[in-house]
Amino acid sequence: MKKSLLILSVCAGLLAASCSNVSSSGTGGGDKPLTENIPSVNKMVRDGRPLGRSAVSVQTAAGTSTGTTGDLGEVIPVHKENGEYTLLERLYNTTWYRSEEEYDDGRLEEIEEEFVYFNENSWISKREYENGRPDGADYARIDCLKSFRTPQIVGKENTDANACIVKNMEKEDDDDDFDVEFEGYYLADENTLYIVDGDDGHIAERLNWLIHQIESEGNIRGYDDDDIKRYILSTRRG
């Protein structure tokens with residue numbers, strides 16, 4: 001019973017947090033949850049910065065430590081002693097957004113929107129809307145399984161550890177069981193997050209493909225399909 005109450009409390013907290021910064025103007029899909037935190041792309045710094053704060057303070061906080069580097073796509077042990085933080089640890093209190101438009105004979109038929117919110121305790125909430133109306137919400141606990149070397153972001157130090165594979169344990173509505181799946185995350189920059197679906201091996205292959213494509217072509221907005229979804233940091237009203 002205590003376990004059930006704890007899970008319900010966590011889920012309720014996720015929903016409240018992801019809705020807390022929605023405008024009360026009542027305009028439906030025109031308003032959207034905003035991120036509380038802009039994530040750190042620096043592997044040596046867990047804390048990002050609140051929405052609206054200049055990046056200058058982050059550069060100061062980052063210090064001069066360079067950490068370790070390795071080959072692109074190299075697996076990094078999740079538990080390290082050199083002070084690196086995994087991408088999952090740095091995604092706390094962030095909200096991400098994506099939308100799709102469906103047309104029929106040139107007429108807009110449907111707008112699908114999705115918000116993804118990470119809280120500080122490695123729980124994730126995914127909320128979907130159709131034409132501005134709520135269309136379900138999922139809640140899951142996530143654990144980081146693997147971390148990967150990524151391209152260094154131009155002009156920024158210690159930004160070569162911005163991809164990981166996680167185990168996603170979605171809470172079922174009717175009991176205490178979890179539906180276990182795997183996802184890959186790639187933070188191309190502080191405003192662009194890719195989420196890759198599939199099994200563990202498939203995700204690693206697709207993540208490496210995505211990372212190499214973006215590194216070679218420099219197009220962080222060019223990939224979005226059935227198993228690779230691109231999200232933008234939710235920083236302004238829709």
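Here is a short tour of one strand residue and several salt bridges in this predicted model.

**Stop one: V116.** Start by selecting V116, which sits in strand β5, spanning residues 107-118. With a relative accessibility of 0%, V116 counts as buried. Now show what surrounds V116: beyond its neighbours within four places in sequence, its contacts are T94, T95, W96, I124, S125, K126, I195 and Y231. Add T35 to your selection too; its C-alpha atom is 9.8 Å from that of V116, although 81 residues separate the two along the chain.

**Stop two: E84 and K43.** The structure has 9 salt bridges, and we can visit a few of them. Select E84 and K43, whose side chains form a salt bridge with an N to O distance of 3.6 Å. This pair links distant parts of the chain, 41 residues apart: E84 is in the loop between β3 and α3, and K43 is in the loop between β1 and β2. E84 is buried at 10% relative accessible area, and K43 is buried at 0%. Keep both on screen and add R149 and D160, because K43, E84, R149 and D160 are linked in a network of salt bridges.

**Stop three: D227 and R206.** Next, pick D227 and R206, which meet in a salt bridge at 3.0 Å, N to O. D227 lies in the loop between α4 and β11, while R206 is in helix α4, so the pair ties together parts 21 residues apart in sequence. Both D227 and R206 are buried.

**Last stop: R46 and D47.** Finish with the salt bridge between R46 and D47, where the closest N and O atoms are 3.2 Å apart. Here R46 is partly exposed, at 29% relative accessible area, and D47 is partly exposed, at 44%.

Terms used
Residues are numbered from 1 along each chain as its sequence is written. This is a predicted model: local features need pLDDT of at least 70, side-chain atom pairs count only at pLDDT 80 or more; totals for chains, interfaces and linings use all residues. Side-chain values use heavy atoms; hydrogens and water are left out. Helices (H or I, at least four residues) and strands (E, at least two) are DSSP runs, numbered from the N terminus. Buried means under 20% relative accessible area, exposed over 50%, partly exposed in between (1.4 Å probe, protein chains only). Contact means heavy atoms within 4.5 Å. A salt bridge is a side-chain nitrogen of Lys or Arg within 4 Å of a carboxyl oxygen of Asp or Glu.
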